[in-house]
Amino acid sequence: MVEVPEPHSGWTFVTNHARVLAAIADNPNVRIRDIAAHCRLTERAVQRIISDLEQDGYLSHTRDGRSNTYRVEPDKVLRHPAEAGLTVAALLSLLVQDETDRTWTPGSPSSRLAGTGGAR
């Protein structure tokens with residue numbers, strides 16, 4: 001049985017919806033249990049988020065036996081007026097990383113922080 005994540009207090013830069021979407025974009029065959037563990041959410045919260053994303057057309061899935069394969073809609077425009085014109089693909093380019101980028105260290109050439117010269 002997977003442990004329920006400890007609650008987080010305070011604010012964060014990335015919403016849970018964005019975290020779940022990025023986890024799915026990183027692995028379209030990912031299990032809800034694994035998304036929950038990765039995003040530090042409950043499985044029920046992940047199910048609600050996936051439902052929200054599907055209802056608004058950001059995500060769809062096909063069922064294969066007991067498994068789901070998800071499809072992210074990269075050209076769908078983000079909801080908030082402040083992000084008018086930005087697509088899911090633009091958001092995911094910031095959140096989904098290659099394995100080599102996950103070993104980022106300060107000052108490394110793959111750094112994506114503004115002003116470091118490593119932006120892609």
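**Exercise 1. Count the aromatic pairs in this predicted model and describe the geometry.**

Step 1. Fix the rule. Rings of Phe, Tyr and Trp (its six-membered ring) pair if their centres lie within 6.5 Å; planes under 30 degrees apart are stacked, over 60 edge-to-face, and the rest tilted.

Step 2. Count. The structure holds one aromatic pair.

Step 3. Describe. Trp11 and Phe13 form this pair, with 4.8 Å centre to centre and 80° between the planes. The pair is edge-to-face.

Step 4. Check the surroundings. Trp11 and Phe13 are both exposed. Exposed means over 50% relative accessible area, buried under 20%, and partly exposed in between (1.4 Å probe, protein chains only).

A note on the model: it is predicted, so local features need pLDDT of at least 70 and side-chain atom pairs count only at pLDDT 80 or more, while totals for chains, interfaces and linings use all residues. Residues are numbered from 1 along each chain as its sequence is written, and side-chain values use heavy atoms, with hydrogens and water left out.

**Exercise 2. Find the ring that the charged end of Lys76 sits over.**

Step 1. Apply the test: NZ of Lys or CZ of Arg must be within 6 Å of the ring centre and within 35 degrees of the ring normal.

Step 2. Read off the partner. The ring belongs to Tyr58, and the charged end of Lys76 sits 5.3 Å from its centre.

**Exercise 3. Trace the order of helices and strands.**

Step 1. Use DSSP runs: helices are H or I with at least four residues, strands are E with at least two, numbered from the N terminus.

Step 2. Count. The protein chain has four helices and two strands.

Step 3. Order them. The pattern is α-α-α-β-β-α.

**Exercise 4. Map the largest nonpolar core.**

Step 1. Define it: buried Ala, Val, Leu, Ile, Met, Phe, Trp, Tyr and Cys residues joined through side-chain atoms within 4.5 Å.

Step 2. Size it. The core has 22 residues; Val20, Ile24, Ile35, Ile50 and Leu59 have the most contacts inside it.

Step 3. Locate it. Two or more residues come from each of α1 (16-26), α2 (32-39), α3, β2 (67-72) and α4 (88-95).

Step 4. Zoom in on Ile35. Contact means heavy atoms within 4.5 Å. Beyond neighbours within four places in sequence, Ile35 contacts Val20, Ala23, Ile24, Val30, Val46 and Ile50.

**Exercise 5. Classify Ala23 and Arg48 as buried, partly exposed or exposed.**

Step 1. Ala23 is in helix α1. Ala23 is buried because its relative accessibility is 11%.

Step 2. Arg48 lies in helix α3 (residues 43-55). Arg48 is partly exposed because its relative accessibility is 45%.
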